[in-house]
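User: Please take a close look at the disulfides of this model, and set them against the parts of the chain that surround them.

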Amino acid sequence: MAGIRAAVAAVSSDAPLCIRATAYFMPPYMTSDPMMPDKWDGVIVDVVDIIFEKMNWCYRVRGALDEVVGEQQPNGSWTGAIGEVSRGESDMVISPFLLNEQRNNALDVSDYLWPTSHNAVHKKAQVEPDIAGFIKPFSLNIWLYILGVFLACGCSLYFLLWTQARLGNGKSPKSNMGSSMTRDVRISFFSVLRLMLGQPAENDDRLSLSRVLVGTTMVSWLILGTMYKSLLMAMLVLPRTPEPFNSLEELVTKRAMPYLVVPGSFLHAALLEADPNSTLGRVYANIDRLEISYPKTVHYAVNGIYAALSSRSATYGAINTIFSQTRTCPLTLKDSFLTSWYAVGFTKNSPLLTPFNLHAQRLREGGILDKLERKWLKNTLRCLEADKEARILRPLDIRDFYGVFLLYVGGNLARIMSSSFPVSP
């Protein structure tokens, strides 16, 4: 491949079948070095090298003057790379673009090369300490079960004390009934509370059956307490990652964060034509920024200033580039909508289209196109795999212990309160 590129660069402008190709920056399909703007590389360069070598064609690439794919103007003309090809200033748009009716009418487009869809991309949520982490070892149903057991044990113990008082002493004077009931309720529930907190329970000889109930309660709370402590230790460093939104619908309805769209893009054109009451229509009505600059779009997304709505492949390219430069994966993708496919374009009635499609179809059916795409997206695939495995390591922070501290203080207050009321009458 390197030899072909060198040969292409050396071909003179009057060489036969030397195709003039217009490109714009679109990683990973078409990339260039800022220090060497005439040197282009990427997935589509590998594909074109294979096809043109078989056809014995050469090609010369130059960047579009507008540095964008282009959009149709009110007078019907086009800007960007499509405009240059439609005016005959170039023979093909080599950077792949997504197809819609307007672009299909302006150029002769190739067969589809790679399918894609669109995503919302934003800065990955930062790991935060969870002050409510001490309640996470058990689910809500388990906590409700514990509350139910506490009330059941307290009521059972009170019933035993009340029964013993009625059987042993007969009817108590009315003047003592209120104070006796209050005392028994307090004794019953604080006894159960002390057992829950692992405090020693005092002997109660008023009814021998109460020992069976207290012993059963102690075993139950011992099992639950042991499980709770073990799970709490295991989940203490469980990260809390508050996501601003999880779908396009949430982004529009909750307005969790501002978002931007690339003007003139396939997505922007689809939003313009969408039903105002549909999700895409509401996305268009609430756009916070139109940004045509690729570097600025990536900058805004990485720094959490805006979420970006873009094609999945373009987002993959951004993730790949960022990882190559910083060895980090700061972006995450949400939702999948508006499917389409990539193609390249030629001038109208171009004789190049049919042979190009023939070889492109063979490469696609043989899996070569997907293989070349994966080669240029290896860093992206690494980031996506790391997100799936959720391998997040971080040191403990003092805020991780706030919830445990609150639990400890609350437990000590409950212990002091229960110790203030002896169980024995």
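Analyst: The secondary structure of the protein chain comes to 16 helices and 11 strands, where helices (H or I, at least four residues) and strands (E, at least two) are DSSP runs numbered from the N terminus. This is a predicted model, in which local features need pLDDT of at least 70 and side-chain atom pairs count only at pLDDT 80 or more, while totals for chains, interfaces and linings use all residues. Residues are numbered from 1 along each chain as its sequence is written, and side-chain values use heavy atoms, with hydrogens and water left out.

Of the 425 residues of the protein chain, 40% count as buried; buried means under 20% relative accessible area, exposed means over 50%, and partly exposed lies in between, with a 1.4 Å probe and protein chains only. Among contacts (heavy atoms within 4.5 Å) between residues at least 6 apart in sequence, 76% join residues at least 24 apart.

The structure holds 2 disulfides, a disulfide being a pair of cysteine sulfur atoms within 2.5 Å. With the bonded cysteines numbered in sequence order, the pairing runs 1-2, 3-4.

One disulfide is formed by Cys18 and Cys58, whose sulfur atoms are 2.5 Å apart. Cys18 lies in strand β1 (residues 18-23) and Cys58 in strand β4 (residues 58-63), so this pair ties together parts that are 40 residues apart in sequence. Both Cys18 and Cys58 are buried.

The other disulfide joins Cys329 and Cys383, with a separation of 1.9 Å between the sulfur atoms. This pair links distant parts of the chain, 54 residues apart, since Cys329 sits in the loop between α12 (312-326) and β11 (331-346) and Cys383 belongs to helix α15 (residues 378-389). The link of Cys329 and Cys383 is left-handed, with -70° about the S-S bond. Cys329 is partly exposed, at a relative accessible area of 21%, whereas Cys383 is buried, at 2%.

Helix α12, at one end of the loop that holds Cys329, has 15 residues that at 1.5 Å a residue should span 21 Å, and its end C-alpha atoms are 21 Å apart, which agrees; the expected span is 1.5 Å times one less than the number of residues. Its buried residues are Ser313, Ala314, Thr315, Tyr316, Gly317, Ala318, Ile319, Asn320, Ile322 and Phe323. The residue that follows α12 is Arg327, whose phi is positive, near 60°.

A helix packing can be added to this picture. Helix α2 (residues 43-55) and helix α14 (residues 368-376) pack at an angle of about 145°, with their axes 9 Å apart; axes are lines fitted to C-alpha atoms, for helices over the stretch in contact, and angles run from 0 to 180 degrees between N-to-C directions. The contact is made by Val43, Asp46, Val47 and Ile50 of α2 together with Ile368, Leu369, Leu372, Glu373, Lys375 and Trp376 of α14. These residues divide into 7 nonpolar, no polar and 3 charged, where Ala, Val, Leu, Ile, Met, Phe, Trp, Tyr, Cys and Pro count as nonpolar, Asp, Glu, Lys and Arg as charged, and the others, Gly among them, as polar.

A further cysteine, Cys155, is partly exposed, with a relative accessible area of 46%. Phe189, in helix α6 (residues 174-196), touches Cys155 as well as Phe150, Leu151 and Gly154, not counting residues up to four places away in sequence.
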